[in-house]
Every structure is written in C-alpha cells, then in structure tokens.
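The following note sets out points for a colleague who wishes to examine this model at the level of individual residues. Each point may be checked against the displayed coordinates.

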Amino acid sequence: MSTIVRPAPSDRDPSAELRGPVVERDTWFYLNIALSLVAALVVAGLLYSLVNPGPLYRFWFRTFHHDLPFDIPYFRHFFTLPQVWSGVRLTFILAILAQTTGIVLGLLAALMRTSRIAVFRAVSTLYIWVFRGTPVLLQIIIVSDGISILLLSMDPDLSGAGWVSHLAILIGSNAFAAGYLALSLNEGAYMSEIVRAGIVSIDRGQMEAAKALGMTYPLAMRRIVLPQALKVIIPPTGNEFISMLKTTSLVSVAGLQELTLVSEQTFAHSFKVLEVLVAAGVFYLAMTTVLTVVQAQIERRLGERRADVRRNPFENLRRLFLGSADLRHAAPAALPPKEAR
Amino acid sequence: MPMVEARGVQKYFHHLHVLRGVDLDVERGEVVVILGASGSGKTTFLRCLNHLEKIDGGRITVNGHLMGYLERDGHLVEQKERLVARQRAEIGMVFQRFNLFPHMTALENVIEAPIRVKGRDRRSALARGRELLAKVGLAEKADVYPHQLSGGQQQRVAIARALAMDPALMLFDEPTSALDPELVGEVLKAMRQLAEEGMTMIVVTHEVGFAREVAHRAVLMDAGCILEEGPPAEFFTRPQHPRTKQFLSSIL
C-alpha cells in the first residue's frame with residue numbers, strides 16, 4: 001500500500017479558506033428582542049398610568065378609593081432625610097469593617113485549621129463550630145448585653161479604672177463596637193471555610209516544588225499557594241460581603257442607628273410604612289450593587305494576566321444583569337450555598 | 001567524600017514497606033539513572049534524598065551533611081524546618097508534572113527562590129534568570145505564563161528554575177514521563193548538556209537511550225531494594241540478575 005500525501009493548507013485554493021460557515025441569527029435571537037420590547041412597554045405603561053390621568057389611572061383611582069396606597073412625594077422625601085443618610089453611612093462602614101476583620105480572622109482560622117499543631121486545629125475547629133452553629137442575631141445580643149453584664153459583675157460599680165470596666169463601657173454602651181465584634185467573629189467562621197477551600201484546591205505539587213527550592217512553609221504559603229487560592233476565594237467572598245451588608249440590619253436590636261432602625265423610627269412617626277421600607281430597600285440594593293461591581297472588577301483584574309480578557313467596562317454591567325454564556329468568564333464553581341443564618 | 005551517601009534507607013507508608021534498606025553512593029559529577037517498575041520505590045527514594053519524605057530507618061548524607069536530621073547521642077532527631085529548607089536549597093529537583101508556579105511568568109518562576117530564599121538582589125537574579133532560560137533554549141519565552149508553554153518548554157523552565165539556586169546535586173523524577181513523545185528530546189537534550197558540564201545528577205526515568213549514552217551508572221530497583229547496578233554498557237548488555245533481565249526485556 002502506498003502512502004497518500006495530502007496537499008498542505010497553503011497549497012490549497014486560498015479562497016476556499018476564506019469562505020467560512022455563515023453564522024445565522026436563530027429564531028431565539030429575534031424572539032428575545034420582541035419579548036423584551038413588549039415587557040419594557042408594559043412596565044413603562046403601568047408606571048405612566050399611576051401618575052398620569054387616563055383610563056387606567058381612573059381604574060386605579062376607583063380601586064384605591066381616591067388615594068394611592070403609595071405616597072410618591074413622601075417616598076422621595078425619605079431620600080433627603082439626614083438621619084437616613086447617617087444610617088446608610090453607618091451600615092456601609094460597619095459592613096466594610098466587619099467584613100475586613102472577618103476576612104483576616106478567617107485567614108487566621110484557616111491557616112490554624114491546616115496547621116501541623118494539633119492545639120491550633122482544635123481551637124479553630126471549636127471556633128467555627130460555635131460561630132457557624134448559632135444564629136448571628138443571638139451572637140449580637142450576647143455580645144452587646146451578655147458581655148457587659150458579665151463584665152459588670154466582675155466590677156459592679158465600674159469604679160476601677162482597669163481594663164475590665166473600660167471594656168465593659170466600650171462594648172456595653174457602644175452598639176457599634178458590639179455589632180462590629182459579633183459580626184466579625186461570625187463572619188470569620190464562614191470566611192475560614194472559604195479560605196480553607198481555596199487552599200486545599202491548590203495542587204500539592206505546588207507546595208512540594210516550593211519546598212524543593214528551599215522555601216519554608218510560611219514563605220511557600222504566602223508566595224505560592226495563597227496567591228493562587230485567591231482566584232477560588234474571591235467570588236464567594238463577594239457573596240459574603242453582600243450578605244454582610246444586609247446582616248448589619250440585625251444590629252438594630254442592639255440599638256445601633258443603622259439604616260433599618262432609622263427606617264422603623266421614621267415610619268413610626270409618619271405611618272408611611274411601605275414608602276419607607278421600599279426606600280430603605282432601594283438603599284440596600286444600591287449598596288450591594290456597588291459591591292457587586294467592585295467584585296466583578298477585582299475578578300477581572302485577577303484574570304487580566306490572561307491575554308484574551310476584554311477591557312470593556314460595560315462588559316461587567318452586561319454580565320451583572322444578563323449573565324454570561326461565555327465560559328471563559330464564568331466564575332469558578334461556587335461553594336454550596338450557605339444555610340440560612 | 002561522595003556527594004550522596006545513602007545507607008540502609010527504610011520507608012513505610014502506613015503498613016506498606018516501600019524502601020527495604022537502600023544503599024547508594026553517588027560521587028561528585030556522577031550521573032546515576034535509577035530504573036525499575038512502577039511501585040519499586042524509586043520515586044520515593046528520590047524524594048527521601050531531599051527530605052520531601054521522612055525516612056523511617058538508615059541515614060542519608062548529602063554533601064557531607066546528614067539530610068533532614070541531627071545526630072544526638074546516637075539517635076537521629078528531626079531538624080528544624082528552616083534548616084531542612086536550607087539543605088534543600090542546595091539540591092535541585094525536577095518533577096514529573098513540572099509544578100511550575102502558574103501565577104508567575106517563566107522568568108518570575110526562575111528568580112523567585114534566588115530572591116526569596118537566597119536573598120539575591122533582583123537585578124542580578126534577573127540577569128542570571130535570563131541566562132538560564134537562554135541556556136535551556138527559552139530566552140524568548142521569559143515573559144510568558146506556564147499555561148502558554150508546551151509540556152517540553154515547561155519542563156525546561158523547571159530545569160532552569162532548579163539551576164537558578166546553583167545546586168550541588170540535581171534530582172530528576174521521571175522528567176519526561178508526562179510529555180508527548182515528540183517533546184521528550186528537547187528535555188533530554190537540556191539534561192545531557194547539564195551532565196556534560198559535570199553536574200551530579202540522579203535521574204529516575206524509563207528513557208533507556210538517555211541512560212545508555214549519558215549515565216555513568218545504571219541502577220535497578222525492585223520491591224524497595226537495589227537489585228543490580230553497573231556501568232550502562234554492561235548493565236544493558238549483560239544483566240546478571242534474572243529480575244533485571246526480565247525488566248530490561250519488558251522495556252526494550
């Protein structure tokens with residue numbers, strides 16, 4: 001049998017190479033456009049009918065007995081109240097501080113959990129067990145009330161200038177400090193599992209190669225393993241950040257004047273329950289949106305080492321709202337959703 | 001004084017006795033190839049040499065120093081991690097799966113340990129790094145990430161990375177086993193060049209051609225023992241032990 005020699009690509013008819021398959025837009029593409037247009041028209045029409053006279057407006061008018069249940073001017077007014085803005089600021093600052101501390105605590109707990117020293121492993125396991133296994137609301141109340149009670153019983157008249165009474169005054173009288181402490185401790189337990197998952201996802205060969213080059217364990221961890229683990233750690237950490245922003249509302253039980261407590265106080269005066277709560281929701285949504293965009297930016301930076309990354313800033317927004325069918329940009333497999341706290 | 005002196009090395013994985021008293025001396029500038037079927041303990045033995053595995057008996061000295069242990073009142077006591085690390089810095093190792101650091105460019109891979117471990121200044125490390133990459137034929141790939149390189153190119157970067165620490169001894173753990181056949185040659189060529197420069201090398205491999213042409217000595221391991229050793233010319237043409245004959249006939 002003789003060998004068959006095929007012509008190399010360059011020897012073939014070059015025009016044949018250029019005639020690639022024609023990509024046709026399928027039915028779904030046009031259907032999507034049509035349905036989106038219809039949906040946008042319906043939403044716009046409904047909103048328009050609520051404020052402008054017309055047949056639909058008259059229908060609402062009759063249904064709601066001459067008065068809309070949603071006071072749009074008051075809704076707008078809520079956004080101008082100074083106590084609301086200070087509540088927003090407090091919520092945002094508390095979330096960022098508690099989350100940052102939680103990340104540090106989580107890193108520490110994760111390193112302890114993967115340590116060769118048994119006592120470290122035990123302490124870390126116990127910490128995670130307790131703070132992941134009890135409701136965060138309970139933890140906030142225990143920290144804000146329980147600890148100050150405990151400290152007061154050690155120094156009943158708060159006479160001493162020692163550290164006990166200082167701490168009691170700080171935590172007991174300061175809802176922010178108590179909330180910060182409780183949220184950080186709770187978050188650290190969750191973050192430690194995320195960091196640990198990131199560390200164990202890195203191939204053992206990486207640590208071995210680093211050791212064979214004469215690196216010590218801490219150096220190899222810092223320079224080789226953790227930088228790679230970051231890619232696995234960042235997406236669920238973004239989730240945690242968003243979750244933290246909403247969880248700060250629980251610190252209202254400790255009397256912290258954050259967004260939710262301020263909102264409750266506001267509708268207690270005005271009885272505009274729906275307007276106030278929807279407006280508070282808008283604030284929360286705006287804050288979580290900022291965090292989502294920041295997270296997308298960080299992920300993009302981390303992926304930027306690859307040459308094929310798109311640098312279009314609108315791409316992040318598009319992905320945020322429409323998702324991405326492009327697998328190159330898909331987030332790494334997420335951790336299982338954490339149970340309700 | 002030989003570069004490596006292994007005496008009666010024992011190793012257990014739980015109840016599995018993987019090394020049953022391995023003795024091996026390797027002289028300075030010598031190239032030793034370790035052959036053997038999978039599961040014969042050759043990779044484990046190599047990993048014991050730079051203390052990536054702890055040994056359960058016997059002793060290993062590299063360059064005159066007891067590897068990974070201190071002798072105290074006739075007992076071997078495990079050494080502090082920092083000191084083990086310092087010993088490992090003298091021994092280069094090349095892995096079957098390359099194990100390049102994927103978040104660093106080829107050049108960053110090469111200069112990382114000299115800077116962080118040896119405290120070399122960045123500029124001289126960069127110069128030396130480029131020199132080593134040029135030596136393995138990858139001068140133009142310095143700023144490329146490992147995932148953009150072929151397997152053979154990655155393994156050559158790994159060799160440059162190990163050489164950057166100026167090791168006295170190089171260990172190769174099946175350096176060509178994970179490569180496509182057409183990429184094996186370029187890695188063997190780099191290793192051959194290294195041997196010609198007088199580097200002391202211990203190579204676990206199945207590449208009989210390399211063993212015949214480059215090695216000073218071939219060693220056959222079987223069931224955790226060294227069965228036969230000798231100059232390649234004799235080892236491959238007139239094996240003594242029946243197990244060696246059987247092994248050679250199965251791979252040739």
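**Notes on the predicted model**

1. In chain B, a salt bridge joins the side chains of B:Glu53 and B:Arg47, with an N to O distance of 3.1 Å. Both partners are out of the solvent by the accessibility criterion: B:Glu53 is buried, and B:Arg47 is buried as well. It should be kept in mind throughout that this is a predicted model.

2. A further salt bridge in chain B pairs B:Glu186 with B:Arg156, at 2.8 Å from N to O. Because B:Glu186 belongs to helix 6 (residues 181-196) and B:Arg156 to helix 5 (residues 151-163) of chain B, the pair ties together parts that are 30 residues apart in sequence. B:Glu186 is partly exposed, at 25% relative accessibility, whereas B:Arg156 is buried, with a relative accessible area of 11%.

3. Some of the salt bridges share partners, and one network of this kind joins A:Arg204, A:Glu208, B:Lys11, B:Arg47 and B:Glu53. Within it, A:Glu208 and A:Arg204 form a salt bridge whose closest N and O atoms are 3.7 Å apart. These two residues are four apart in helix 10 of chain A, so about one helical turn separates them. A:Glu208 counts as buried at 16% relative accessibility, while A:Arg204 is exposed, with a relative accessible area of 65%. Over all chains, the whole structure holds 24 salt bridges.

4. The interface of chain A and chain B brings 23 residues of chain A into contact with 26 residues of chain B. About 2,100 Å² is buried between the two chains, and carbon and sulfur atoms give 57% of that area. Three salt bridges are found across this interface. B:Glu112 also forms a salt bridge with A:Arg223, in which the closest N and O atoms are 2.6 Å apart. Between the two chains, six residue pairs are in polar contact, counting pairs with both residues at pLDDT 80 or more. On the side of chain A that touches chain B, the elements giving two or more residues are helix 10 (204-212) and helix 11 of chain A. Helix 11 of chain A supplies the largest share of that side, eight residues.

5. As to its overall make-up, chain A has 14 helices and zero strands. Buried residues account for 34% of its 341 residues. Of the contacts in chain A with a separation of 6 or more, 72% are between residues 24 or more positions apart.

6. Which residues have the most contacts inside the largest nonpolar core? They are B:Val9, B:Phe45, B:Leu49, B:Ile60, B:Leu169, B:Leu171 and B:Ile202, in a core of 55 residues. Helix 11 (residues 217-247) of chain A gives the most to this core, namely eight residues. Apart from neighbours within four places in sequence, B:Ile202 is in contact with several residues, including B:Val4, B:Val26, B:Leu46, B:Leu49, B:Leu169 and B:Phe172. A second, separate core has 50 residues, among them B:Val33, B:Ile159, B:Val184 and B:Val187.

7. B:Glu228, in strand 12 (residues 225-230) of chain B, merits separate inspection. B:Glu228 counts as buried because its relative accessibility is 9%. Despite this burial it has no salt bridge, and the nearest side chain of opposite charge, B:Lys245, is 8.0 Å away. What does the side chain of B:Glu228 make with the side chain of B:Thr244? It makes a polar contact, at 2.7 Å. In addition, a polar atom of the B:Glu228 side chain lies 2.8 Å from the backbone nitrogen of B:Gln240. Leaving out residues up to four places away in sequence, B:Glu228 touches residues including B:Val219, B:Phe235, B:Arg238 and B:His241.

8. B:Val219, one of the residues that B:Glu228 touches, is found in strand 11 (residues 217-222) of chain B. B:Val219 is buried, with a relative accessible area of 0%. B:Val219 and B:Leu35 are 184 residues apart in sequence, yet 5.9 Å apart in space from C-alpha to C-alpha. Beyond four places in sequence, the residues that B:Val219 touches include B:Leu24, B:Val32, B:Ile34, B:Leu35 and B:Ile226.

Notes. Residues are numbered from 1 along each chain as its sequence is written. Chains are lettered from A and ligands numbered from 1 in the order in which they are written. This is a predicted model: local features need pLDDT of at least 70, side-chain atom pairs count only at pLDDT 80 or more; totals for chains, interfaces and linings use all residues. Side-chain values use heavy atoms; hydrogens and water are left out. A nonpolar core is a set of buried Ala, Val, Leu, Ile, Met, Phe, Trp, Tyr and Cys residues joined through side-chain atoms within 4.5 Å. Buried means under 20% relative accessible area, exposed over 50%, partly exposed in between (1.4 Å probe, protein chains only). Contact means heavy atoms within 4.5 Å. Lys and Arg count as positive and Asp and Glu as negative; His and the chain ends are not counted. A salt bridge is a side-chain nitrogen of Lys or Arg within 4 Å of a carboxyl oxygen of Asp or Glu. A polar contact is a pair of N or O atoms within 3.5 Å; within protein, one must be able to donate a hydrogen and the other to accept it, and residues adjacent in sequence count only if both atoms are side-chain atoms. Buried area is the accessible area (1.4 Å probe) that two parts lose on being put together, summed over both.
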